[in-house]
Amino acid sequence: KECAKAFHAAGSKLVLCGRDSEKLKDLAQELSTVTNHRKNTHKPHTVVFDLSDTKAVVNAAQEILKYLGHVDILINNAGISFRGTIVDTGLDVDKKVMETNYFGPIALTKALLPSMIKRRQGHIVAISSIQGKISIPFRSAYAASKHATQAFFDCLRAEVEQYDIDVTVVSPGYIQTNLSLNAVTSDGSRYGVVDKNTAEGQTAAAVAQVVLSAVGQKKKEVLVAGLTPSLAVYLRNLFPRLFFTLMATRAKKERKTKDS
């Protein structure tokens, strides 16, 4: 929603995508009432589909291209989080998280990519996570999906550079969203809790401005996190043994908290 506001204000012609037609309609209506005298603002178009349904993704891409003719900027921003132990998590839960966080975005990217290559123009953005670079306990399905996302878009960046197509991976830390509230647990049920770290995270509006700026500057990668998580990324690469020890300690502490 905040990315839509930021890019709309910058003069982009938007296609808003998601599962909830009413929320999309409300957002489109909200944006339509916003005018920017310095930029030409356009009425947003909405396309309703479930990113975890790859067939629906392909059909949606065709609808988008039919409406617009081409896509200049694709922002892959849907996601579902996870909370639970690996030993208690059914494989169907792992697959559900991967469908939304990984297979959905790459399906949409692949569906729109040929038109970008044909025009030799386009910018693809993947909103990943700092957990695409490091893994923390009880987030296995989520971290795995974000690691896969990081790897795919790193490969894509190298392959499409010859077509003058840009690829940006944005890796935020904690953001004040409903991500933890709507996270799935080991048995597939809704987590339903806003974590303390999430509640104290960066605002979605601030991160959206970072995304807008990254696209404008054609950055290849952006880490949007505080000092501690940023240091953890470097610690994982430079001092892995220490990092693993810290994560094991964190796991024991979290498990003790849940048991008490």
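E221 is partly exposed, with a relative accessible area of 40%, where partly exposed lies between buried (under 20% relative accessible area) and exposed (over 50%), calculated with a 1.4 Å probe and protein chains only. The model is predicted, so that local features need pLDDT of at least 70, side-chain atom pairs count only at pLDDT 80 or more, and totals for chains, interfaces and linings use all residues. Residues are numbered from 1 along each chain as its sequence is written, and side-chain values use heavy atoms, with hydrogens and water left out.

The side chain of E221 meets that of K133 in a salt bridge, at 2.9 Å from N to O. This pair links distant parts of the chain, as K133 lies in the loop between β5 and α5 and E221 in strand β8 (residues 221–224), 88 residues apart. Like its partner, K133 falls in the partly exposed class, at a relative accessible area of 24%. A salt bridge is defined here as a side-chain nitrogen of Lys or Arg within 4 Å of a carboxyl oxygen of Asp or Glu. Helices (H or I, at least four residues) and strands (E, at least two) are DSSP runs, numbered from the N terminus.

A search of the whole structure finds ten salt bridges. One of them joins D164 to R120, with the closest N and O atoms 3.8 Å apart. Because D164 lies in the loop between α5 and β6 and R120 in the loop between α4 and β5, this pair ties together parts that are 44 residues apart in sequence. The flanking elements of the R120 loop are α4 (91–119) and β5 (122–127), and those of the D164 loop are α5 (140–160) and β6 (165–172). R120 is partly exposed, at 42% relative accessibility.

Both residues of this pair also have a notable backbone angle. Most residues other than glycine have a negative phi. R120, although not a glycine, has a positive phi of about 55°. For D164, likewise not a glycine, phi is positive at about 60°.

Near the N terminus, the side chains of K5 and E2 form a salt bridge with an N to O distance of 3.7 Å. K5 and E2 are three residues apart in helix α1 (residues 2–9) and are therefore separated by about one helical turn. Relative accessible areas of 29% for K5 and 25% for E2 place both residues in the partly exposed class. Salt bridges that share partners join K1, E2, K5 and E30 into one network.

The interior was examined for nonpolar cores, each a set of buried Ala, Val, Leu, Ile, Met, Phe, Trp, Tyr and Cys residues joined through side-chain atoms within 4.5 Å. The largest such core has 25 residues, and F49, L74, L108, I124, F153 and L156 have the most contacts inside it. At least two residues of this core are supplied by each of α3 (54–68), α4, β5, α5 and β6. The greatest contribution comes from α4, with seven residues.

At the surface, K252, R255, K256 and K258 form a positive patch. Patch residues have over 30% relative accessible area and no salt bridge, with like charges joined within 9 Å. K256 belongs to helix α9 (residues 240–259), and its relative accessibility of 62% means that K256 counts as exposed.

Terms used: Patch = residues over 30% accessible without salt bridge, like charges linked within 9 Å, V, L, I, M, F, W, Y side chains within 5 Å. Areas by Shrake-Rupley, 256 points an atom, 1.4 Å probe, with all protein chains shown as cover. Lys, Arg positive; Asp, Glu negative; His and termini not counted. Charge placed at Lys NZ, Arg CZ, Asp CG, Glu CD.
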